[in-house]
Amino acid sequence: MTRATTHARPGVPRPAGRAAGHAVVVGGGLAGVTAALQLADAGMRVTLLEGRPRLGGLAFSFRRGDLTVDNGQHVYLRCCTAYRWFLDRVRGAALAPLQSRLDVPVLDAGRPAGPRLGRLRRTELPVPLHLAASLATYPHLSLAERASVGRAALALKKLDPADPALDGVDFATWLGRHGQSPRAIEALWDLVGVATLNATAPHASLGLAAMVFKTGLLSEPGAADIGWAHVPLGDLHDTLAREALDAAGVRTALRTRAASVARAATGGWEVATPDEVIAADAVVLAVPQGETHALLPDGVIDDADRLLDIGTAPILNVHVVYDRKVLRRPFFAALGSPVQWVFDRTESSGLKGGGQYLAVSQSAAHDEIDTPVAELRERYLPELERLLPAARGAGVRDFFVTRERTATFAPTPGVGRLRPGARTHAPGLYLAGAWTATGWPATMEGAVRSGITAAGAALSELGRAHEHPLQEAV
């Protein structure tokens, strides 16, 4: 591994001196943008470096002909207070509204008699009664399975997700110990867990699973209400984010990667790029774990190689443009089918000339991430016709696939001990990213929280007054 060095490279000038009150954030995903905004809002000069030609990290948009396409379907929940703060901060909250009340259509395609629709909905009753009526009438589970789910939920509510002992246990083992049948796991626990954890129950840490279910379903009645962008993600995470950074005085350098991070001879830090060496009082590394590992100077965290043991998990998205409307609802989830979740992206994509654009979001897609497009087409078009009768006979105007092979960190049992905190042993150097020790799985919420934490640690160490944006919510 190439370690950061303080030696100047040919053609790259040395900095004249340390710039007081200057922070460098490496990485322009949600974590990096959040950290940069927080640091700038506290009065620091900030430089944000991003190797891509855009901001947003792995939640972005691109053009395909006349369409604006999100690389994958991203949602958030009402309990995601940090991401909601981010949306407010970039003036994008109205563009990614929440449901007024949780309502998830669940279509079971595995019945011999044909697909059957059920719904997971909440009421205004207090927890856990807010889901009682929905669970009691949920047609995809037997009466005995519904009762067992209720008992397991009450047991889950008693767990402490921060307990290190939970990190080493897989969620499936715990569910089995609490009487959950394979059908209950498929029709409820994995229905939620795969989408939020990017892993099935046998491959998910009990600690992270407990965090998801306790916070999302068992904290307050509206915690699991779903929100999603009604515009391309790039409008939020790139365009509006860039406007907010510009307004805050942040210097944003796109297409600019950090080559090294090192201690300056005069104190502080030096961040080298192909074009310059930037002096800083604080540096936030908000890039994936492998890239962070390559940039870390020796000795700044214990056992730096553990970062390379944090695995990754893929997400596959299948995109289909029909010549007519085939889905009346904004989204639905499926059982008994390779299809997991389907979203209507017609309006947000700017599709013209009629028709409908559906995005099929497939989490934990290890078995399909490298499958050729032609094979995926043969698999998913018949499935969509099976789930959506209106798709039978509809013309397919376009079919394409987006793949994120390292979409999230893998939430496997034991991953908690590998995730580092924001602070390092070196004053002035901090870590951010959804893969750090946020307590959350790899979500937009976790990314924003990590940026807030890293910026707060930097400001505290520099003695700068600042307010935690979530202090009223925690």
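Helices and strands are taken here as DSSP runs, with at least four residues for a helix and at least two for a strand, numbered from the N terminus. The structure described is a predicted model. Over residues 30–458, the chain is 32% helix and 22% strand. The C-alpha atoms at the two ends of this stretch lie 18 Å apart. In an unreviewed UniProt entry, residues 30–458 carry the annotation "domain: Amine oxidase".

A good place to start the tour is the open sheet. Five strands make up this sheet, in the order S9-S2-S1-S13-S19, and their pairing is parallel. Strand S9 (251–253) and strand S19 (429–431) are the edge strands, each pairing on one side only. From one strand to the next, the twist averages 15°. Within the sheet, strand S1 (residues 22–26) pairs with strand S2 (residues 45–49) in the parallel sense over five bridges. One residue to pick out on screen is valine 24, whose bridge partner in S2 is threonine 47. As background, strands of a sheet pair through backbone hydrogen bonds, either parallel or antiparallel.

Helix H13 connects the sheet to the helical part of the picture. H13 lies across strand S13 (282–285) and S19, and runs at about 160° to S19. Helix H2 also meets H13: their axes come within 7 Å and cross at roughly 75°. Angles of 65 to 115 degrees count as roughly perpendicular, so H2 is roughly perpendicular to H13. On the H2 side, the contact involves Thr81, Ala82, Tyr83, Trp85 and Phe86. These residues meet Met444, Glu445, Val448, Arg449 and Ile452 in H13.

Two of those H13 residues also pair with each other. The side chains of glutamate 445 and arginine 449 form a salt bridge, with N to O at 2.6 Å. Both residues lie in helix H13 (residues 444–461), four residues apart, about one turn of the helix. Glutamate 445 has a relative accessibility of 1% and counts as buried, because the cut-off for buried is under 20%.

In total, the model holds 21 salt bridges. In general terms, side chains of opposite charge can pair when their charged atoms come close. Helix H2 takes part through arginine 89, whose side chain meets that of aspartate 41 in a salt bridge of 2.9 Å, N to O. This pair links distant parts of the chain, with aspartate 41 in helix H1 (residues 30–41) and arginine 89 in helix H2 (residues 81–89), 48 residues apart. Aspartate 41 is partly exposed, at a relative accessible area of 43%. Arginine 89 is partly exposed as well, at 23%.

Another salt bridge joins aspartate 225 to arginine 122, with the closest N and O atoms 2.7 Å apart. Here too the pair links distant parts of the chain, the two residues being 103 residues apart. Aspartate 225 sits in the loop between helix H8 (206–217) and strand S8 (226–228). Arginine 122 sits in the loop between strand S7 (116–121) and helix H3 (132–136). Aspartate 225 is buried at 0% relative accessibility, and arginine 122 is buried with a relative accessible area of 7%. Both residues belong to a network of salt bridges that links Arg78, Arg101, Arg122, Glu124 and Asp225.

How values were computed
Residues numbered from 1 in each chain as written. Predicted model: local features only at pLDDT ≥ 70, side-chain atom pairs only at ≥ 80, totals over all residues. Heavy atoms only, no water. UniProt positions renumbered as here; feature names shortened; annotations may be inferred. Salt bridge = Lys/Arg side-chain N within 4 Å of Asp/Glu carboxyl O. Buried < 20%, exposed > 50% of the residue type's maximum accessible area, 1.4 Å probe, protein only. Pairing = 2+ DSSP bridges. Axes fitted to C-alpha atoms, helices over the stretch in contact; angles between N-to-C directions. Contact = heavy atoms within 4.5 Å. Parallel < 35°, antiparallel > 145°, perpendicular 65-115°, else oblique.
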